[in-house]
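Thanks for coming. I will go through one chain today, starting with a single residue and working outwards.

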Amino acid sequence: MAFFIASSPHTHNRKRTSDLMKWVALCAIPGLAAQTYFFGWGTLIQLVFAIALALTFEASVMLLRKRPIRSALNDYSAVVTAWLLAVAIPPLSPWWLLVIGMIFAIYIAKHLYGGLGQNPFNPAMVAYVVLLISFPVQMTSWLNPDSMANESLSFADSLSLIFTGFNLDGYSLQQIRTGIDGVTMATPLDAFKTSLHSGLTVQETLQLPMFGLIAGQGWEWVNAAYLVGGLVLLQQRIIMWYIPVAFLVSLFVFSLVFAMFAPGTVAGPMIHLFSGATMIGAFFIATDPVSASTTIKGRLVYGALIGGLVFIIRSWGGFPDGVAFAVILANMFVPLIDYYTKPRTYGHS
């Protein structure tokens, strides 16, 4: 009688890997819809293109490794990787950015280490960090939601900008991103940090047009949508609460303490919780069953570490958002975290 040992991810809910990945994609739809509503058709175009690239690269590497192609494609892990990277980059990024990113995600971050279950780092976040460091201009070319509405970019305009660099009227992305006053737009997190360094107070910064009720216009609703999807993942027991709760509580506590004892120097808790990639990071990225910690205590430590690193990078680092960097840095500590948090063997004195 053979005893079969499978590689991670391991779960206790009797769902196959393909079922888990389908649920992750399904619960990410509210966030995807919010991003499309506020930032235009480019998000959907990038998603479809990324999935096509991921499946193609996944099939090719399995062919090179002389492994079954169908089983690799049917587990939907490549689709989820493509999904996370596609929604993380600016919607109107040039097409070649995704090509480079998916090559790093599939070939290097995933299969160089042996494929699904063997990769120590989250493939989508590895690709994102590589792109951000290598192509900072393209990776920070986000449009302000209000400006996007004013420009009235159609599906055809978005498609043309992604694959040719110009819309149907001949305007480049840089020209579209530049407002009437000639100032290039920035994301709310970037604008908040820049304003504080320029001497503006927190109250004055929050009066800028790009800020809404509790965070950046559009971004607060995108994060709320991913929060809803994340709660469904918890309700379905696709993920456990340890990592996302530890992540969000850590980020909240750090930002609250510094806002109380060093007011005017950092953003407040609500700005951090509902800006950037906070909610998708907490529920869809940090909870990756392969690269995250596997023990209960370890997951709490792992999530808290990511939350603290996100606050540090956002407040004093060179990048406005820090979720990808925080996740990869925490991935490095997973073996150490698991070693010191492994449960005591039953009966061990």
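Asp 157 sits in helix 10, which covers residues 155-164. Helices here are DSSP runs of H or I with at least four residues, strands are runs of E with at least two, and both are numbered from the N terminus. This is a predicted model, so local features need pLDDT of at least 70 and side-chain atom pairs count only at pLDDT 80 or more, while totals for chains, interfaces and linings use all residues. Residues are numbered from 1 along each chain as its sequence is written, and side-chain values use heavy atoms, with hydrogens and water left out.

Is Asp 157 buried or exposed? Its relative accessibility is 10%, so Asp 157 counts as buried. The cut-offs are these: buried is under 20% relative accessible area, exposed is over 50%, and partly exposed is in between, with a 1.4 Å probe and protein chains only. What does the side chain of Asp 157 have beside it? One of its polar atoms lies 3.0 Å from the backbone nitrogen of Leu 168. The other buried residues of helix 10 are Ser 158, Ser 160, Leu 161 and Ile 162. Just after helix 10 comes Gly 165, with a positive phi of about 90°.

A second buried polar residue is Asn 223, in helix 14. Asn 223 has a relative accessible area of 1%, so it is buried. A polar atom of the Asn 223 side chain lies 3.3 Å from the backbone oxygen of Phe 274. Leaving aside residues up to four places away in sequence, Asn 223 touches Leu 273, Phe 274, Ser 275, Gly 276, Ala 277, Thr 278 and Met 279. Touching, or contact, means heavy atoms within 4.5 Å.

Now the whole chain. It has 19 helices and 0 strands. Of its 349 residues, 52% count as buried. Among contacts between residues at least 6 apart in sequence, 73% join residues at least 24 apart. The chain exposes about 16900 Å², and carbon and sulfur atoms supply 67% of that. These areas come from the Shrake-Rupley method with a 1.4 Å probe, and for residues only the protein chains shown count as cover.

Next, the nonpolar cores. A core is a set of buried Ala, Val, Leu, Ile, Met, Phe, Trp, Tyr and Cys residues joined through side-chain atoms within 4.5 Å. The largest has 94 residues, and those touching the most other members are Leu 85, Met 102, Tyr 226, Phe 247, Phe 284, Tyr 302 and Ile 306. Apart from it lies another core of 8 residues, including Leu 92, Leu 153, Leu 161 and Ile 176. Leu 161 is also one of the buried residues of helix 10. As for Met 102, its contacts beyond four places in sequence are Ala 50, Leu 53, Ala 54, Phe 57, Thr 81, Ala 82, Leu 85 and Tyr 107.

On to the aromatic rings. The structure holds 17 aromatic pairs. Rings of Phe, Tyr and Trp (its six-membered ring) pair if their centres lie within 6.5 Å; planes under 30 degrees apart count as stacked, over 60 as edge-to-face, and the rest as tilted. Tyr 37 and Phe 38 are edge-to-face, at 4.9 Å centre to centre and 90° between the planes. Trp 241 and Tyr 242 have centres 4.5 Å apart and planes at 40°, so that pair is tilted. Within the tilted pair, Trp 241 is partly exposed at 43% relative accessibility, whereas Tyr 242 is buried at 13%. Ring pairs also link Phe 254, Phe 258, Phe 311 and Trp 316 into a cluster.

Back to the edge-to-face pair. Tyr 37 counts as exposed, at 67% relative accessibility. Phe 38 is among the buried residues of helix 2, residues 29-39. Gly 40 follows helix 2 and has a positive phi, near 95°.

Which residues other than glycine have a positive phi? One is Lys 66, with phi near 55°, in the loop between helix 3 (42-64) and helix 4 (69-74). Another is Arg 237, at about 60°, in the loop between helix 14 (219-235) and helix 15 (242-261). Lys 66 is exposed at 76% relative accessibility, and Arg 237 is exposed at 52%.

Last, confidence. The mean pLDDT, the predictor's confidence in each residue from 0 to 100, is 86 for the chain, and 90% of the residues reach 70 or more. Over residues 180-184 it is below 50, and that stretch has 5 contacts in the model beyond near neighbours in sequence. Where pLDDT is low, the predicted coordinates should not be read in detail.

How values were computed: Polar contact = N/O pair within 3.5 Å; in protein donor to acceptor, adjacent residues only side chain to side chain.
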